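I'm opening a fresh page for this one. My plan is to go from the overall layout down to single residues.

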Amino acid sequence: MQGKYFLPRLTGRCLGCGNKLPDAFLDLGEMPLANSYVAPESKDKEEILYRLAVAYCPACYLVQITHRVAPEQLFSSYSYFSSFSNSFLKHAEAMAESLTKKFVLDSNSLIAEIGSNDGYLLNFFRERGIPILGIEPAKNIARVANESGIPTVDVFFGPDSVAQIIKARGQADIIIGNNVLAHVPLINDFLLSVNKYLKPTGSAVFEFPYLKDLLDHAEFDTIYHEHVFYYSVSAVKILAERAKLQLYDVHHQDIHGGSLRVFLQKERQHEVSSNIRKMLLKEEQYGIMDKDLYRNFGEKVEKLKTKLEGLLLELKKAGKTIAAYGAAAKGNTLLNYIGIDKNMIDFVVDRSPYKQGLLLPGTRIPILHQDELLKRMPDYTLVLAWNFAEEILAQQDEYRKRGGKFIIPIPEIQVI
Ligand SMILES: [Zn+2]
């Protein structure tokens, strides 16, 4: 790939427990940051490339990337506005409903969300009359949230900001972090700050993609520099205890190809659910603490790469046109790892107006409005946002009726 190679920080140590990390079990090579979309006027500029590889710590079971990029480089102008996916919004509303009931929240409660994005989730609490506070480091997104009436502070949550946040609004009853736990390299400091920010009776609720689903379904494209950690229940329990938080419940969620919702408490307000013991046992039987599991996964991903590359080359040779659907970060890992570029895929469509008109990082494939799919009718469309495949197939029914075919790459390559 073209570009300037930049060596991010390689500590060689586990970010959880500090033990020496073994070699990576999967090396995806050098690639640009998955969310660094390129403006058309910068199309000839070199991109900065970073190594992307993952290793497993046998001491504390934390799966993590081996080369870290500073959070300031990753999140200062993040372009992922979550509100644009219907199933995502439905999931958020169900979460607000479920937490409001579970914790009997009312106008005296304070719900804080770390990584609150444009406020899509907090808004459902606001509608229920519950006081909210968003914490969102991407200044452009925090501004949008504030303008739409979601009070949001634009800081990185952690030891440097927690005192200031408490001073403004007091401690929180519930702290939510959806897809945030995986993003924070200094995870021990982060969880200690969560402990500090919680009222003694409070709970923290975190959601993140589940390592077991990633391994089961070969979801290697959810690996990118923003995602420092890939969690199991076994690993979260140890991390939480280090920050004097108790893991007391866990639920599996279908979103994002399989996620966990975990509940942590500061004091023993809630009984520890039997779900915890069950999940830990399941993970042990599955081999989550066994390094062979990770080696096998690495081999499986390499095979998937060869197969998908072969299919696309074959279609191209037969004179077929190929587009892609969904300019999501995960798509960038997949395309850059496989080495696909604009010579192979003509364009990608995406529903987010913030991405339309830009180019994908690394591959430089142009991002167009979703209606272009029907206008241009490519023979095949690779679904990069495969976790929303059902929704996309329903919306693009007409494309298939007219003879277009979708390629779903993960967990198994399917042509529909
Ligand atoms: Zn460790």
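Before any distances, a note to self: the domain bounds I use come from an automatic or database domain assignment. I'm also keeping in mind that this is a predicted model.

**Entry 1, layout.** I looked up how the protein chain is split and got domain 1 (4–65), domain 2 (82–291) and domain 3 (312–415). Taking C-alpha atoms, I find the centres of domain 2 and domain 3 separated by 31 Å.

**Entry 2, where domains 2 and 3 touch.** I checked the contacts here: 14 residues of domain 2 meet 12 residues of domain 3. On the domain 2 side of this contact, I list 7 polar, 4 nonpolar and 3 charged residues.

**Entry 3, the core.** Which residues touch the most other members of the largest nonpolar core? I get I111, I175, F229, Y231, V348 and L384, out of 128 residues in that core. Strand β3 (residues 48–56) gives the core its largest share, 6 residues. I then pulled up I111 and skipped anything up to four places away in sequence; its contacts include L105, L122, F125, I130 and I132. A172, D173, I174 and I176 are also among the residues I111 touches.

**Entry 4, I392.** This one sits in helix α13 (residues 389–395). Is I392 buried or exposed? I call I392 buried because 24 other C-beta atoms lie within 10 Å, and the cut-off for buried is 20 or more. Leaving out residues up to four places away in sequence, I see I392 touching Y325, V383 and A385. I also noted G326, which is 66 residues from I392 along the chain, with 9.1 Å between their C-alpha atoms.

Notes. Residues numbered from 1 in each chain as written. Predicted model: local features only at pLDDT ≥ 70, side-chain atom pairs only at ≥ 80, totals over all residues. Contact = placed C-beta atoms within 7 Å. Nonpolar A, V, L, I, M, F, W, Y, C, P; charged D, E, K, R; others polar. Helix = DSSP H or I, 4+ residues; strand = E, 2+ residues; numbered from the N terminus. Buried ≥ 20, exposed ≤ 12 C-beta atoms within 10 Å, placed from the backbone. Core = buried A, V, L, I, M, F, W, Y, C linked by C-beta atoms within 7 Å.
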